[in-house]
Number of protein chains: 2
Amino acid sequence: MSRLGLRRVPSLSRREHVAEILREAITSGRLKPGDRLVELDLAAELGTSRAPIREALRQLEQEGLVASYPYRGSEVLGVSQDEVEQVLVPIRITLERFAFDKALDKLTDDDLAELQRLVDDMLVAASAGEAERLADLDIRFHELVITRSEQRHCLQMWKTIQPRVRAYFRRDAPAHADTADVARQHQELLDVIRGGDRDAVLDAVERHIHIHLAPGGAGGGDVG
Amino acid sequence: MSRLGLRRVPSLSRREHVAEILREAITSGRLKPGDRLVELDLAAELGTSRAPIREALRQLEQEGLVASYPYRGSEVLGVSQDEVEQVLVPIRITLERFAFDKALDKLTDDDLAELQRLVDDMLVAASAGEAERLADLDIRFHELVITRSEQRHCLQMWKTIQPRVRAYFRRDAPAHADTADVARQHQELLDVIRGGDRDAVLDAVERHIHIHLAPGGAGGGDVG
DNA sequence: CGACGGCCGATTGTCGACAGTCGCTCATAT
DNA sequence: ATATGAGCGACTGTCGACAATCGGCCGTCG
């Protein structure tokens, strides 16, 4: 199917750069739900023309971070607790169960080593209290596995779900979970993956993602 | 949250128009997985500049119908049976269960009448053998309910899932289900909704969507 | 004969300018 | 007072031109 797409990405286009900046601003809460996004202002602020801004906005729209209305502009969207708990997280579980299953045979030793490195870094970040960095590592852990699954649609959907979930926990779920625990949970998940027991992995994935919502755990604070 | 967005959409922008054309071409199979999409060609063909084309492509990319690679263009994507059965359909069930639940209290008599009209039209389309029209009505039925649920994220995600599922059944699942059956199933679903028993509705929704995958039913041919 | 490296055509990425639409304000009329 | 509707900013939507990058072609060299 792919005459294209067999190569590594060369460097990030400006559109992607803009999208990243805006995504960060939104998930961090610097831009709040209801805030208006004016293309000309953003273009001036980021030193580009409106074209890349517009395309980035289209992308964020599909990621559910932004809504836009013809001739009337764009605004930042919020996410309700109901949607996170009853829709986004369950969907994430469906996605990741499938992706981890497919990835199991494909993970190389290099991949496993990389995953271990990410977990190690999580420990460092956790003890340094660097919540942002911890969340980034968390995302990279999951994204690496999903990428290896080679299921394009899974990866694509994960990328549209994940920012919303992250935005919710960063903005709206104040109390962060025990940061050291995040690292530990990923270590456990990685160990199960190494074990190679398929069903055990799928169960672990499900529990791993579900943990955020544990009522006892009081709204864990990371994203994966 | 919305200073914007309280109004009706005025008319379809050219970008949306382009997106529709391409979506139709892809889901119908006229454009096949692997086909290259050249912006300049599309612009010429549709009589616009490249700007709306590019934005439409970004949108289709997020809908999983197209993949694009920096400086190297876009191509039509395919969907595997595994992804449809294990990812897209289960996600659809999650989405619609939630949306139907939220919509139950909000559906007005007008809405119910409109739904009934859609089902009636399905019967007509079915007996006339108009599969395309039947699928359109099917989509509109579900989209109306999801819209009424007023869960933006549900609607947004549904819109990104649905084209892939439709593309799969149109292109890859040859044998269509009994068309009259599609209409009948929607009538049953609507009747359960009228009944107002919440749990019954959720069950009905799940079964309704799942029906496509029944091994006995041999890959039913509609999209919802 | 195969590897390397610089051109070249094709196509995407970006820009600045112009056209179109929306919501608001404010005069005007009832 | 309240409605009406023309005018006006402030934006978004679209366009055509230009810049940057990619992949392949082809000559050169080991």
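Here is a quick look at how two chains sit together in this model, and at one hairpin in chain A.

The model is predicted, so to speak of local features takes a pLDDT of at least 70, side-chain atom pairs count only at pLDDT 80 or more, and totals for chains, interfaces and linings use all residues. Residues are numbered from 1 along each chain as its sequence is written, while chains are lettered from A and ligands numbered from 1 in the order in which they are written.

**The pair.** Turn chain A by 180 degrees, with 0.0 Å of shift along the axis, and it superposes on chain B with an RMSD of 0.0 Å (a least-squares fit on the C-alpha atoms of residues with pLDDT of at least 70 in both copies). The two copies are thus related as by a two-fold rotation axis. Both use the same surface: 98% of the contact residues of chain A recur in chain B. Contact here means C-beta atoms, placed from the backbone, within 7 Å.

**The contact.** Chain A puts in 41 residues and chain B 40 residues. H4(A) gives the largest share of chain A's side, eight residues. These elements of chain A each supply at least two residues (helices, H or I, have at least four residues and strands, E, at least two, as DSSP runs numbered from the N terminus):

| Element of chain A | Residues |
|---|---|
| Helix H3 | 50-62 |
| Strand S2 | 66-69 |
| Strand S3 | 73-76 |
| Helix H4 | 81-103 |
| Helix H7 | 152-172 |

**The hairpin.** S2(A) and S3(A) run antiparallel, joined by four bridges (strands pair if DSSP finds at least two bridges between them). A:Ala67 has A:Glu75 in S3(A) as its bridge partner. Three residues lie between the strands of this hairpin, where A:Tyr71 takes a positive phi near 65 degrees.

Definitions and conventions: Two residues are in contact if their C-beta atoms, placed from the backbone, lie within 7 Å.
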